[in-house]
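User: I am new to this structure and would like a close look at one part of it. Please take the salt bridges and walk me through them.

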Amino acid sequence: MAVVMLAISLDKACAGDPDMLQDVCVADLTNSLTVNGYFCKKNFSEIDFSSMVIAKAGATNNTFGSLVTGANVMKVPGLNTLGVSMARIDYAPGGINPPHTHPRATEMIFVLEGELDVGFITTSNVLITKHIVKGEVFAFPRGLVHFQQNNGDVPAAVVAGFNSQLPGTQSIATTLFASSPSVPDSVLTKTFQVGTKQIQKIKSRLAPKK
């Protein structure tokens with residue numbers, strides 16, 4: 001029984017951001033030093049706990065036809081040590097939030113407008129997918145590869161919630177094909193079982209625009 005209780009306690013301790021040790025710890029974003037989070041500001045106000053950053057739709061005229069606008073500790077300093085954040089994701093018709101992971105958080109989305117095809121892939125390579133509509137919610141477990149795509153003819157938008165002040169995002173395609181320095185072609189050709197020309201073509205398409 002003691003072992004079971006210890007396992008449950010450890011699981012809870014590792015489920016999200018570390019627990020706070022005081023009422024508030026508003027992030028001092030001007031401090032060049034960081035710990036596991038941010039140092040606390042001495043003086044703070046209501047402004048540190050508020051933002052209009054996700055009030056308006058984001059521009060989706062880009063390669064993937066989507067835009068993620070975060071309301072995390074970088075935009076709302078009062079979230080420091082609170083273990084929560086939000087984001088707004090806008091999708092053009094045909095737009096996609098391509099396969100990615102959040103290493104530090106589970107995500108749940110609420111559909112504001114439009115419809116989406118969403119899904120995540122388990123570590124057993126099982127695809128869990130669903131078509132979701134306005135007013136519906138869908139959850140993506142922490143660390144698993146997931147995506148959302150707007151296959152409709154009208155724009156779509158969601159609000160996302162995370163159990164981390166800064167969940168982090170690692171896009172699979174850009175991580176592998178647009179990192180700096182770049183992943184060696186030999187690694188990618190062997191991994192994807194294709195030739196060097198195909199790898200270089202993908203890299204050129206995903207390379208950051210100068």
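Analyst: In this predicted model, the side chains of aspartate 185 and lysine 203 meet in a salt bridge, with 2.7 Å from N to O. Aspartate 185 belongs to helix α3 (residues 185-192) and lysine 203 to helix α4 (residues 196-206), so the salt bridge ties together parts that are 18 residues apart in sequence. Lysine 203 has a relative accessible area of 14%, and because buried means under 20%, this residue counts as buried.

This pair belongs to a wider set: a search of the whole structure finds 5 salt bridges. Another one joins glutamate 113 and lysine 134, whose closest N and O atoms are 3.6 Å apart. Here too the pair links distant parts of the chain, 21 residues apart. Glutamate 113 sits in strand β4 (residues 107-113), while lysine 134 is in the loop between β6 (127-132) and β7 (137-140). As for accessibility, glutamate 113 is partly exposed, at 41% relative accessibility. Lysine 134 has a relative accessible area of 55%, and it is classed as exposed because that term applies over 50%.

A further salt bridge is formed by arginine 88 with aspartate 90, where the closest N and O atoms lie 3.0 Å apart. Both of these residues, arginine 88 and aspartate 90, are buried.

As a general point, side chains of opposite charge can pair when their charged atoms come close. In the pair described at the start, aspartate 185 and lysine 203, the N to O distance is 2.7 Å.

How values were computed. Residues are numbered from 1 along each chain as its sequence is written. This is a predicted model: local features need pLDDT of at least 70, side-chain atom pairs count only at pLDDT 80 or more; totals for chains, interfaces and linings use all residues. Side-chain values use heavy atoms; hydrogens and water are left out. A salt bridge is a side-chain nitrogen of Lys or Arg within 4 Å of a carboxyl oxygen of Asp or Glu. Buried means under 20% relative accessible area, exposed over 50%, partly exposed in between (1.4 Å probe, protein chains only). Helices (H or I, at least four residues) and strands (E, at least two) are DSSP runs, numbered from the N terminus.
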